[in-house]
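Hi,

Here is the structure I promised to pass on to you. Have a look at it first, and my notes follow underneath.

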Amino acid sequence: MKTRFKDKVALITGAGGDIGLATALRLAEEGASIALLDIVEDKLAASKAKVEAKGVRAESYICDVTDANAVKDAVARVIADFGAIDLLFNNAGYQGAFAPVHKYDVEDFARVMDINVTGAFSVLKEVSAHMVERKSGSIVNMASMAGVGGPPNMAAYGASKFAMVGLTETASKDLAPYNIRVNAVSPGLMGPGFMWDRQVKLQSETNTQYFSTDPKQTEKQMIGGVPLRRCGSIDEIPGAVSFLLSDDATYITGVNIRISGGE
Ligand SMILES: NC(=O)c1ccc[n+]([C@@H]2O[C@H](COP(=O)([O-])OP(=O)(O)OC[C@H]3O[C@@H](n4cnc5c(N)ncnc54)[C@H](O)[C@@H]3O)[C@@H](O)[C@H]2O)c1
């Protein structure tokens, strides 16, 4: 068994979701204690049980990352429960609607930015303040290939993930004097899973020049643009996240690793 994270405490947001859970399990397999944060209670409980089955300590924290006071409180509770936070996977996110920019709903735009950017910023702020005191820590922010090249019909999501890449670069500079590394990962087309199915369906329904109105064709069109000619799987994400969080990456900060099959 690898023990890169023995005696480390990792906080994972969006831990009730596919990528949060897969990463929690990987960190647990390598010895980390896990603080799981999400807004959906039953998903969080299911993740906690699966992480505990790996034989490590896990605690869950119901929290809406868009509520800055709730984030402050949740982070304080994690520190009180575990004594410290060594690692942060800042992963909670929402994909938003699919529509061309001239038809994109302003309220949905604001909601996506609130969760994916302001929410992630609040978590980053609270956890990094704790890490600054300890002069140690490693953070991975969840971006996306939508934050590397703007995909059609995803104005809010693309803008939010570009923001996460920028926030990662600035935070890596602000926190470097305190021995805290901040990196990002950008998954591309990952499937099967909720986000993939939703994306294929909703892109087909936009009826724009980029995609067929037949979801089966849309799926082929999307994968056709990937040099490795397939979707990535959720299980291909935790390797990059755990590498960046670990002491295998002690001289790496401010980077954004694309997990995208060559896109
Ligand atoms: N799945 C993909 O294809 C893909 C690709 C690139 C990037 N991402 C990013 O990866 C991250 C995780 O996505 P996933 O695929 O696991 O999706 P998911 O929907 O399974 O998980 C997202 C989790 O975030 C939680 N969440 C949403 N809003 C929240 C809030 N306000 N407060 C707290 N928690 C909240 C949800 O409850 C959910 O459990 C997201 O940031 C997403 O944008 C996903």
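Let me start with a pocket, the second largest one in this predicted model. Its lining is made up of 14 residues, and those nearest the centre are Ser136, Gly137, Ser138, Arg181 and Asp247. The volume of this second largest pocket comes to about 200 Å³. Sorted by class, its lining holds 6 polar, 5 charged and 3 nonpolar residues.

Two of those central residues, Gly137 and Ser138, take us to strand β5, which spans residues 137-142. How many of the residues of β5 are buried? The count is 6 of 6, so the strand is largely enclosed by the rest of the structure. In a regular strand, side chains alternate between the two faces of the sheet. In β5 both faces are covered: Gly137, Ile139 and Asn141 are buried on one side, and Ser138, Val140 and Met142 are buried on the other.

Strand β5 also has parallel partners that you can trace in the viewer. Strand β4 (residues 87-90) runs parallel to β5 and is joined to it by 4 bridges. If you want one pair to look for, Leu88 has Ile139 as its bridge partner in β5. Between these strands the chain passes through helix α4 (residues 106-134), and this β-α-β crossover is right-handed.

Next comes strand β6 (residues 180-187), which pairs with β5 in the parallel sense over 6 bridges. Here the bridge partner of Val140 is Asn183 in β6. The chain goes from β5 to β6 by way of helix α5 (residues 155-175), in a β-α-β crossover that is right-handed.

Earlier in the chain you will find another parallel pair: strand β2 (residues 33-38) and strand β3 (residues 58-62) are joined by 5 bridges. Leu36 has Ser60 as its bridge partner in β3. Helix α2 (residues 41-52) carries the chain across from β2 to β3, and this β-α-β crossover is right-handed.

Two asparagines caught my eye for their backbone angles. Asn179 is not a glycine, yet it has a positive phi of about 65 degrees. This residue is found in the loop between α5 and β6. Is Asn179 buried or exposed? Asn179 is exposed, since its relative accessible area is 51%, and the cut-off for exposed is over 50%. Asn207 has a positive phi as well, of about 55 degrees, and again is not a glycine. Look for Asn207 in the loop between α6 (194-205) and α7 (215-224); with a relative accessible area of 58%, Asn207 is exposed.

On the cysteines: a disulfide is a covalent bond between the sulfur atoms of two cysteines. The count of disulfides in this model is 0. Cys63 is buried, as its relative accessible area is 5%, and Cys231 is buried too, at 15%.

One last residue to click on is Ala240, which sits in helix α8 (residues 238-245). Ala240 is buried, with a relative accessible area of 14%. Glu205 is 35 residues away from Ala240 along the chain, and their C-alpha atoms are separated by 33 Å.

Enjoy exploring, and feel free to write back with any questions.

Best wishes

How values were computed
Residues are numbered from 1 along each chain as its sequence is written. This is a predicted model: local features need pLDDT of at least 70, side-chain atom pairs count only at pLDDT 80 or more; totals for chains, interfaces and linings use all residues. Side-chain values use heavy atoms; hydrogens and water are left out. On a 1 Å grid over the protein atoms alone, a cavity is a set of points where a 1.4 Å probe fits but cannot get out, and a pocket is an open set with protein on both sides within 12 Å along at least five of seven lines; lining residues have an atom within 4 Å of a point. Grid points are joined across faces, edges and corners, and a volume is the space filled by probe spheres set on the points. Ala, Val, Leu, Ile, Met, Phe, Trp, Tyr, Cys and Pro count as nonpolar, Asp, Glu, Lys and Arg as charged, and the others, Gly among them, as polar. Two strands pair if DSSP finds at least two bridges between them. A crossover is right-handed if, with the strands pointing away from the viewer, the path from the first strand over the helix to the second runs clockwise. A disulfide is a pair of cysteine sulfur atoms within 2.5 Å. Buried means under 20% relative accessible area, exposed over 50%, partly exposed in between (1.4 Å probe, protein chains only).
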